[in-house]
Structure formats: structure tokens, C-alpha cells
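Take a moment to look over the sequence and the model before reading on. The paragraphs below go from one sheet to single residues, and then out to the whole chain.

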Amino acid sequence: QVQLVESGGGLVQPGGSLRLSCVASGFIFSRYAMSWYRQVPGKERELVARLSSGGIYRDYANSVKGRFTISRDNAKNTVYLQMNSLKPEDTAVYYCTKRDGTSYYDRVDFWGQGTQVTVSS
């Protein structure tokens, strides 16, 4: 069955960096676009970044452009989210998601369990 296991979250000071990883299994990873969402309690989930199956096409929320980078290693079945210049408003649970096709426009069909990121001094 499909599994998405996130790691790399934690507590970081403003201006710091974190790299989230998501290891996928149960499907042919290289055939599917992937994305990262985040959610703050009481608010809707927000799309952070998305990436095509081949890793060529990327899209970011305006709030993270220039600070976050999404990438993937299809040989390792892993998608990453490099987060730099972190701000307190980046505090959230971050979710790795699988899309049901090669394009990052395809709908999300599976969610990971999430990893907490807290940006605070």
C-alpha cells in the first residue's frame, strides 16, 4: 500500500533552515508528481510547493518563493523541501502528498502523516 513518511521537522530559530524529507513506498515513485502542504490549527491546509514527476516543473506559494526549494531523488523514492530564512509564520504541520499523475496540476490522492515545524526564538 502507499506510504509517505515525513521527517526533518523540529524547532528552529527565525532565519534558520530545515530540510524536510518524505520517503515514498507502495507505488512507482518516478511516475507521480508530489507536493508539500502545511496546516496551522484552525486554518485550512495551504499548498506550499509542488513538483512534476520528472522534477523539472515546480510551483511555489507566494509566501515561500525564494526561501523554499522542492526537489526529488527518484532513485531514492524521496521528495525534499529545503526551507531557508524561516519565519515564525512558517510554523505549521507539513504534509507530503502524492498526486495521481505526472503533472503537479493532478489532484492529490494520498497524504502523509505530517511533521511539525516550529519557528521560534
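Start with the sheet. In this predicted model, 4 strands form an open sheet in the order E1-E3-E8-E7, and their pairing is antiparallel. Which strands stand at the edges? They are E1, covering 3–7, and E7, covering 68–73. Each of these has a single partner strand, so one side of each is left without a neighbour in the sheet. Neighbouring strands here are turned against each other by 15° on average, with direction ignored.

Now walk across the sheet from E1. Its partner is E3, which holds residues 18–25. The two run antiparallel and share 5 bridges. Two pairs of residues help you find the register. Leucine 4 faces alanine 24 of E3. Glutamate 6 faces cysteine 22, also in E3.

Move on to the next pairing. E3 is joined to E8, residues 78–83, by 6 bridges. This pair is antiparallel too. Look for serine 21, whose bridge partner in E8 is tyrosine 80.

Next, pick out arginine 38. Its place is in strand E4, which spans residues 34–39. Is arginine 38 buried or exposed? Its relative accessible area is 7%. The cut-off for buried is under 20%, so arginine 38 counts as buried. What does its side chain meet there? One polar contact goes to the side chain of aspartate 90, at 2.9 Å. Another goes to the side chain of serine 63, at 3.4 Å.

The surroundings of arginine 38 take in several stretches of the sequence. Neighbours within four places in sequence are left aside here. The contacts then include Glu44, Arg45, Glu46 and Val48. Ser63, Val64 and Phe68 are also among them. So are Glu89, Asp90, Ala92, Val93 and Tyr94.

Proline 88 offers another stop. Find it in the loop between E8 and E9, the strand at 92–99. With a relative accessible area of 44%, proline 88 is partly exposed. That class lies between the limits for buried, under 20%, and exposed, over 50%. Which residues does proline 88 touch, not counting those up to four places away in sequence? They are Pro14 and Val119. Isoleucine 70 makes a useful distance marker. It is 18 residues from proline 88 along the chain, and their C-alpha atoms are separated by 20 Å.

Finally, step back to the whole protein chain. How many helices and strands does it have? There are 0 helices and 11 strands. Read along the sequence, the pattern is β-β-β-β-β-β-β-β-β-β-β. The radius of gyration is 13 Å, close to the 14 Å given by the globule rule for 121 residues, so the chain is as compact as a globular protein of that length. Its C-alpha trace spans about 40 × 25 × 25 Å along the principal axes.

A few totals complete the picture. Of the 121 residues, 44% count as buried. The accessible surface of the chain comes to about 6,300 Å². Carbon and sulfur atoms make up 46% of that surface. Consider also the contacts with a separation of 6 or more. Residues 24 or more positions apart account for 56% of these.

How values were computed
Residues numbered from 1 in each chain as written. Predicted model: local features only at pLDDT ≥ 70, side-chain atom pairs only at ≥ 80, totals over all residues. Heavy atoms only, no water. Pairing = 2+ DSSP bridges. Axes fitted to C-alpha atoms, helices over the stretch in contact; angles between N-to-C directions. Buried < 20%, exposed > 50% of the residue type's maximum accessible area, 1.4 Å probe, protein only. Polar contact = N/O pair within 3.5 Å; in protein donor to acceptor, adjacent residues only side chain to side chain. Contact = heavy atoms within 4.5 Å. Rg over C-alpha atoms; globule rule 2.2 N^0.38 Å. Areas by Shrake-Rupley, 256 points an atom, 1.4 Å probe, with all protein chains shown as cover.
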